[in-house]
Amino acid sequence: MSDWLRICPLEDIPRLGSRVVNNGDIDIAVFRNAEDEIFAVDDRCPHKGGPLSQGIVFDRRVTCPLHGMTIHLDTGEAAAPDKGCTHKYRVRLDKGDVYLNLG
Amino acid sequence: MTTTKKTRLVVIGNGMAGIRALEELLKLAPDMYDITVFGAEPHGNYNRILLSPVLAGEMTIKDIMLNDVDWYAQNGITLHLNKTVTQIDRVRRKVIAADGTEADYDRLLLATGSNPVMLPVPGKELPGVIAYRDIKDTGEMIEAASHYRHAVVIGGGLLGLEAANGLKLRGMDVTVAHLMPWLMERQLDKTAAQMLQASLEAKGLKFKLEKQTAELIAGESGRVSAIRFKDGETLPADLVVMAVGIRPNTGLAEAAGLHCDRGVVVNDTMQTYDPRIYAVGECVSHRGISYGLVAPLFEQAKVCANHLAQFGISRYTGSVTSTKLKVTGIDLFSAGDFIGGADAEEIVLSDPAAGVYKKLVIKDDKIAGGVLYGDTTDGSWYFQLLRNGQNIRELRNHLMFGQNHLGNAGHQGRSNAADLPDDFEVCGCNGVCKGAIVKAIKEKGLFTLEDVRKHTRASSSCGSCTGLVEQILSSVVGGAYAPQDASKKPMCGCTEYTHEEVRRAIRKDRLLSIPETLRFMEWKTPNGCPSCRPALNYYLMCAFPHEVHDDPRSRFINERAHANIQKDGSYSVIPRMYGGVTTPAELRRIAEVAEKYRVPAVKVTGGQRIGLLGVKKESLPDIWRDLDMPSGHAYGKALRTVKTCVGSEWCRFGVRDSTALGIRLEKTFERMWAPHKTKLAVSGCPRNCAEATIKDVGIVGVDSGWEIYIAGNGGIKAEVCAFLVKVGTQDEVLEYVGAFMQLYREEAHYLDRTVHFVQRAGLDYVKRRIVEDAAGRRALYAQLLDALSVEKDPWAERVSGVEAQEFRTIRFFGKNETKGGSNERLAENLPA
Ligand SMILES: Cc1cc2nc3c(=O)[nH]c(=O)nc-3n(C[C@H](O)[C@H](O)[C@H](O)COP(=O)(O)OP(=O)(O)OC[C@H]3O[C@@H](n4cnc5c(N)ncnc54)[C@H](O)[C@@H]3O)c2cc1C
Ligand code: HEM
Ligand code: SF4
Ligand code: FES
């Protein structure tokens, strides 16, 4: 539990939008959907590394802006017919703040 | 029955139409019904139309299964294989099978297909006399081919020829006996039929035309051994295949007292005269027609599922069908009325030496039908024009030479799908080869362009390979493929409504936001998808520019970041240079910015301005601030550039000041959002150095004024503009061009370029609205100016802090520091 990092207040991420979080090393895409669920995955599309944070968010999915691969945010898996997976991180919401766990 | 029990749906007939209806139903309402299926055959649902390649030895039964028994189990469907339903008890609402199995229903779906017609001749029940309908028949034919020599196929239609071809490939000596003077008389005219016959003869098939069967004669073993015709001629025959037609299988329905007239009669919702009972497929009679091809049956299945799911919004109104013979090496396509008549004209291209024959029948400037033999490349295109009822007057001179002739330069000129090797890359955007497409069509049982796009991604991006993909599809599944009627096509998978219906509702019911629209139009998905959300955002803003707020989350990243994303995730910055004219001061600022931000590449773009490529997203607002130039919208479905030539100010040929007009146009229409990118150009004389006649709007100066051209395109598929009108003054140019832009904005589908819009609406229509109707033109122009009055420069807005979070990364350092004392640490929210 010690690795939870407070990222930002929920309202800093637009509904159906995202923010990029950088830990000095890699970019992590943090998404908020219409139901205020939060998801975090590596900001790298399994196809050719496109920045998933820049895609259009819908339901619990995001579509990569480069070639249109769709990723399930709850699993990090690509939607059929594509195959591939991007690393998923744990996130939680507490008193209106978003927390991310890189562990 | 307790209230918690689900409604029970029983399906009779485990074939292509019935199971497609179930698939569609499960998509719409997966948990609504308790489903039971009865099938007389011992197999899961298979792709009947691919029995021909199985017979020909090109595929196996395993290849053609569409739904194996696991599929039924996974979807909780009770499957009774090998059980023929013999009775429907409509009073007690149950069906009873031959072996006594019963099932109760609340809704019943009849999908019993049809029965082959067996000629009533003596000997028709002898062993060795069969029809060609199912796996069992196919098995018997394959078996016979390994033991016997002589086969006679009665019937020279589609099915008979495919059977004959398969038997020949399996080594039999095959004769086709046909009653009519030429083959496939219901699909072909005489010329094409004779060419077909010649190439089948070259493959070793024999033909007996105008022959009526009198009798089938038994040999010593009791098996059929010969066929005798009415004229006395006798041929040896160890196998006789009757392929003389099909009859809707209505026995069960008739016995249950359902109204039948050749087929089971249904209304436009696929409901029979008993409201609890629906019917789809070949067993049906809809508006007096029974179909024998898969494409219309699938449309029926979709409508039926919609009503079973109680959506109640779609109707089946009949289909136009096309035919393609699935004999490897022979290209044949026919559709609609291919014979013509007194009120029709024919365009014929005949090259017997090359084995090519094409005939199109034209009525009232529309394609009524056609036959293609030898080169079916454009079959899908003609069929699309036919179904859409498109006016072809302007295409007429080019029609015969096909769609490619209209300017498709892509694919190294390759356009004949059948000749392509398996490793030929069909879709350059997504790197999909022909072999992968064919494999997906066969293994996954795909029938539509949408299916192929979904499963392979081919043709899902730029769309220039659509024609090739369609050809591959139709060469694999034959007439089962029908391009969708564009006017009825739903916007996307999230809704059944078309673009027009959605736009109409937005205007009529004053819908002002995306969530409101999704709710009002009963979208099937909670927040749409990447294909409908940008379209809706545009439609809303176009309808109510003052009231609707742009939704950045429903824009593709380029329009959200106001810069083009590049393949490495960096961005490009292209400021506006009105009419391609710049100043030393501007150039100096651009140079300074490029150095200060270490921009990796500086390029003069195709749109006469300068692009800074490879910029980090976080630097965008700073670069925009330092540049102090307006956005060039090079990233948007919006007005891009107005390209100009030098014009009369300097050029010794120039007759008009093209540069000044170009600048005025660009200043007036900048920031205009549109269904797709929009490019203008102005040339100062007919030498046309600005290449104005391949733009969305091109203007060419002449002695007496300005000529306005519209709907050209210099992209994947070059299109030359059509002439709209000639006007005298710059003011008039602005009014006509503005009105055309607004018409396009209001009436095109999202992602249609002007060329697609004008092709669909017709040039005559555009002229009527823009040239002939002066009051309408002024109103359109006024609407556009009104919409533009609310648009601000997006770069200046962002420099002043709008959407700041879009450009900021949340950073934190030293992950280790989080350990120890405090168990959390606020990440720093650094400005870029
Ligand atoms: C060899 C061949 C090639 C073809 N090629 C093409 C082509 O290239 N393009 C094209 O568009 N079409 C083609 N067709 C036609 C196409 O296959 C049919 O139009 C389509 O299969 C009809 O679908 P359906 O569901 O109405 O009937 P079917 O697919 O025949 O399904 C009906 C099912 O119901 C079962 N059944 C009937 N009565 C009962 C009962 N009382 N109880 C239980 N089960 C019952 C039958 O056994 C059958 O399995 C071809 C057909 C054949 C035979
Ligand atoms: C995502 C893909 C694309 C990007 C990022 C892109 C980007 C650009 C940019 C930045 C310019 C310079 C325009 C300007 O100065 O405003 C340009 C010009 C052009 N683009 Fe694209 N483009 C893309 C796809 C296409 C496609 C698919 C076509 C063909 C249909 C196309 C055809 C053209 C043409 C013809 C020009 C030159 C315009 C002229 O001379 O007037 N582009 N493109
Ligand atoms: S189009 Fe005519 S006016 Fe313009 S640069 Fe060319 S020759 Fe000169
Ligand atoms: S990098 Fe994401 S789809 Fe290609």
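This section describes the two chains of a predicted model, the contact between them, and the surroundings of two ligands.

Chain A is built from strands, with zero helices and nine strands in its secondary structure. Read from the N terminus, its elements therefore follow the order β-β-β-β-β-β-β-β-β, given that helices and strands are taken as DSSP runs. Of the 103 residues in chain A, 55% are buried. Among the contacts in this chain with a separation of 6 or more, 38% join residues 24 or more positions apart. The accessible surface of chain A amounts to about 4,200 Å², and carbon and sulfur atoms contribute 45% of that surface.

Chain A contacts chain B through 37 residues, and chain B contributes 38 residues to the contact. About 3,200 Å² is buried between the two chains, with 56% of this area on carbon and sulfur atoms. On the side of chain A, Arg19(A), Gln54(A) and Ile56(A) provide 20% of the area buried against chain B, a share that exceeds that of any other three residues.

Ligand 1 is surrounded by 35 residues, of which Ala17(B), Glu41(B), Arg133(B), Glu282(B) and Lys326(B) are the closest. Several polar contacts were identified at this site. A side-chain N or O atom of Glu282(B) is placed 2.4 Å from an oxygen atom of ligand 1. Backbone atoms also take part: a polar backbone atom of Ala17(B) is 2.8 Å from an oxygen atom of the ligand, and for Met16(B) a backbone N or O atom lies 3.3 Å from an oxygen atom of ligand 1. Of the 990 Å² of accessible area that ligand 1 has on its own, 94% is covered by the protein. The elements giving two or more residues to the surrounding shell are helix 1 (16-28), helix 5 (158-169) and helix 8 (294-308), which belong to chain B. Classified by residue type, this shell comprises 16 nonpolar, 12 polar and seven charged residues.

Around ligand 2 there are 15 residues, and those that come nearest are Thr605(B), Gly606(B), Arg609(B), Lys677(B) and Lys679(B). The side chain of Thr605(B) presents an N or O atom 2.5 Å from an oxygen atom of ligand 2. A polar backbone atom of Gly606(B) likewise lies 2.5 Å from an oxygen atom of this ligand. Lys679(B) approaches a nitrogen atom of ligand 2 instead, with a polar side-chain atom at 3.2 Å. The shell around ligand 2 consists of three nonpolar, seven polar and five charged residues.

Two arginine residues of chain B were examined for their backbone geometry. Arg93(B), a residue other than glycine, has a positive phi near 55°. Arg93(B) is located in the loop between strand 6 (85-89) and strand 7 (94-97) of chain B. Its relative accessibility is 26%, and Arg93(B) is therefore classed as partly exposed. Arg262(B) is also not a glycine, yet its phi is positive at about 65°. This residue occupies the loop between strand 20 (260-261) and strand 21 (263-266) of chain B. Because its relative accessibility is 65%, above the 50% cut-off, Arg262(B) counts as exposed.

Methods
Residues numbered from 1 in each chain as written. Chains lettered and ligands numbered in written order. Predicted model: local features only at pLDDT ≥ 70, side-chain atom pairs only at ≥ 80, totals over all residues. Heavy atoms only, no water. Near = heavy atom within 4 Å. Polar contact = N/O pair within 3.5 Å; in protein donor to acceptor, adjacent residues only side chain to side chain. Areas by Shrake-Rupley, 256 points an atom, 1.4 Å probe, with all protein chains shown as cover. Helix = DSSP H or I, 4+ residues; strand = E, 2+ residues; numbered from the N terminus. Nonpolar A, V, L, I, M, F, W, Y, C, P; charged D, E, K, R; others polar. Buried < 20%, exposed > 50% of the residue type's maximum accessible area, 1.4 Å probe, protein only. Contact = heavy atoms within 4.5 Å. Buried area = accessible area lost by both parts, 1.4 Å probe.
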